[in-house]
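Please look over the sequence and the model before reading on. The paragraphs below then go through a few places in the chain, one after another.

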Amino acid sequence: MATSSSTIGRTEDITILQHWAAEGIDPLENIIEAFSAAHRDVGFENRAQHVSSLRLLVKSQVLREDPPDLWVEWPGRNIELAVEAGVIADVTDVWQDTDIEANYVDGARDAARFDGRYRCVPTDIYRINNLFFNLDLVERVGVDFESVDTPAAFVDALERLDASLDVPAIVINGRDPFGPMQLWESLCIAHGGPDVYDALLDGRARTHRGTVGSAVSSLDRILQYAAEDVSFTSSAGSDAAFVAGDAAVTHNGGWAIGRMKATEDFTYGEDWAYQPFPGTSEDYQLNMNAVVPSASVEEDATVAAFLEHLGSADSIAHVADTLGAVPPRRDVPVDGLHPVTQRHHEALETTRRQLPSMTHGLGVGPDVVIGLKDAIVTFMRDRDVDAATAALVDALETQA
């Protein structure tokens, strides 16, 4: 276990590969600065890589036997194969010799733990099944989203918005193609409920082909009212378009809150509002990020000390405030966080089920994610509902 003294004695910089800074915001910067102030002999190489290519870069460096010391990753099943391959360090001591294990929420502990051993430190939690809407635009048309509680009603609302506005009814980030894929997930929950969603995670997709197909059909209808450049729009780009008033509604994860709250003259409750995606208000579609340590630093006391610092209440509070995220620690105050983040924090405790994301690999393995992404990419090009349904079912069945 690492010491808390001002010098530790590491001769090389700690290398960190992360995606946040590539998107214009870096919650790790201040955390690194605070650690460096206490440990003056420790340097950092804090490198940014876009989320769509970060995992490929990490994999290539691992294959070259030159992995980064730490990298930001989605935990859960997403890193299961890497754990089994011996690529990721065991940091159980960091959890159990500090207050991290006692204070982290169950979902974060479960996503970080494999066969009883901890392999990463989650930093933030997000709800994905969200609907954000521009109050001026929807009120101008007379759409009341509080009464929109099914996918069919949502499509009807989009049709009304499309007929009355000179901007698209909805903006979707389809470049990666995480946007339509996570929207399809929300639609699976809305059409089938949590038990069916869990069955899909377990690879029992053929039994529930109807739900998969209904979700694809609803996605197809929603895309009719989206901006034409959906396949070229990034997550940050779709949020920027929504903030600029270039669409009435958007569906995205809670990370969008950080971007919205950072925008001047775009005030929650006056300019925009939020509710859970129609048909999913009782469930929590869950994603999170974690800092993952390479197996090459398993015995490194400096890296252990930094992970302890990263998982502290002060550091997690900073991440939550910067990104608009729900903190994975129970002892982090949420009173000062954005009102929507506070609602997400409350929902994490009160909704009937926490459903791990497929898109972000918490609920399914990497091979399944690749199959799902390929199916969505093909669907976005061909818009063939039956073919997409078959491809998604096939991809999910590989999880069995």
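What follows starts with a helix, moves to the cores and a pocket, and ends with some single residues.

The model shown here is predicted. A useful place to start is helix H13, residues 301-310. Seven of its 10 residues are buried, so helix H13 is largely enclosed by the rest of the structure. The buried ones are Thr302, Val303, Ala304, Ala305, Phe306, Leu307 and Leu310. An α-helix has 3.6 residues a turn, so residues three or four places apart point the same way. At the N-terminal end, H13 is capped by Asp300, which has a side-chain oxygen 2.9 Å from the backbone nitrogen of Thr302.

Two residues of this helix lead on to the nonpolar core. The largest such core has 61 residues, and Phe306 and Leu307 are those with the most contacts inside it. Apart from this core lies another, of 57 residues, which includes Tyr197, Val212, Leu223 and Ala375. Which residues does Leu307 contact, leaving aside its neighbours within four places in sequence? They are Leu70, Val91, Val94, Ile100, Val121, Val291 and Pro293.

Some of these names return around strand E11, residues 283-293, where Val292 has its place. With a relative accessible area of 0%, Val292 is buried, because buried means under 20%. Beyond residues up to four places away in sequence, Val292 touches Asp69, Leu70, Trp71, Glu73, Ile88, Arg119 and Cys120. Val292 can also be compared with Val91: the two are 201 residues apart in sequence, yet their C-alpha atoms are 9.5 Å apart in space.

Val94 and Ile100 each have a polar contact with Thr98, a residue in the loop between helix H4 (92-96) and helix H5 (100-103). A polar atom of the Thr98 side chain lies 2.6 Å from the backbone oxygen of Val94. The side chain of Thr98 also reaches the backbone nitrogen of Ile100, at 3.2 Å.

The next feature is open space. Rolling a probe the size of a water molecule over the atoms shows where empty space is left. The largest pocket has a volume of about 830 Å³. It is lined by 31 residues, and the closest to its centre are Arg55, Lys59, Glu73, Asn78 and Pro366. At least two lining residues come from each of helix H2 (51-63), strand E3 (70-73), helix H3 (80-84) and helix H16 (366-382). Helix H2 gives the most, with eight residues. By class, the lining has 19 nonpolar, five polar and seven charged residues.

Two further residues are found in and just after strand E6, which spans residues 121-127. Is Arg127, in that strand, buried or exposed? Arg127 is buried, with a relative accessible area of 3%. A polar atom of its side chain lies 3.2 Å from the backbone oxygen of Ser281. Arg127 and Arg353 are 226 residues apart along the chain, and 12 Å separates their C-alpha atoms.

Asn129 is in the loop between E6 and strand E7 (130-134). Asn129 also counts as buried, at 0% relative accessibility. Its side chain reaches the backbone nitrogen of Gln285 at 3.0 Å. Besides Gln285, the contacts of Asn129 outside its neighbours within four places in sequence are Ser186, His251, Pro276, Phe277, Thr280, Asp283 and Tyr284.

Definitions and conventions
Residues numbered from 1 in each chain as written. Predicted model: local features only at pLDDT ≥ 70, side-chain atom pairs only at ≥ 80, totals over all residues. Heavy atoms only, no water. Buried < 20%, exposed > 50% of the residue type's maximum accessible area, 1.4 Å probe, protein only. Helix = DSSP H or I, 4+ residues; strand = E, 2+ residues; numbered from the N terminus. Polar contact = N/O pair within 3.5 Å; in protein donor to acceptor, adjacent residues only side chain to side chain. Core = buried A, V, L, I, M, F, W, Y, C linked by side-chain atoms within 4.5 Å. Contact = heavy atoms within 4.5 Å. 1 Å grid on protein atoms, 1.4 Å probe; cavity = no way out; pocket = protein on both sides within 12 Å on 5 of 7 lines; lining within 4 Å. Points joined across faces, edges and corners; volume = space filled by probe spheres on them. Nonpolar A, V, L, I, M, F, W, Y, C, P; charged D, E, K, R; others polar.
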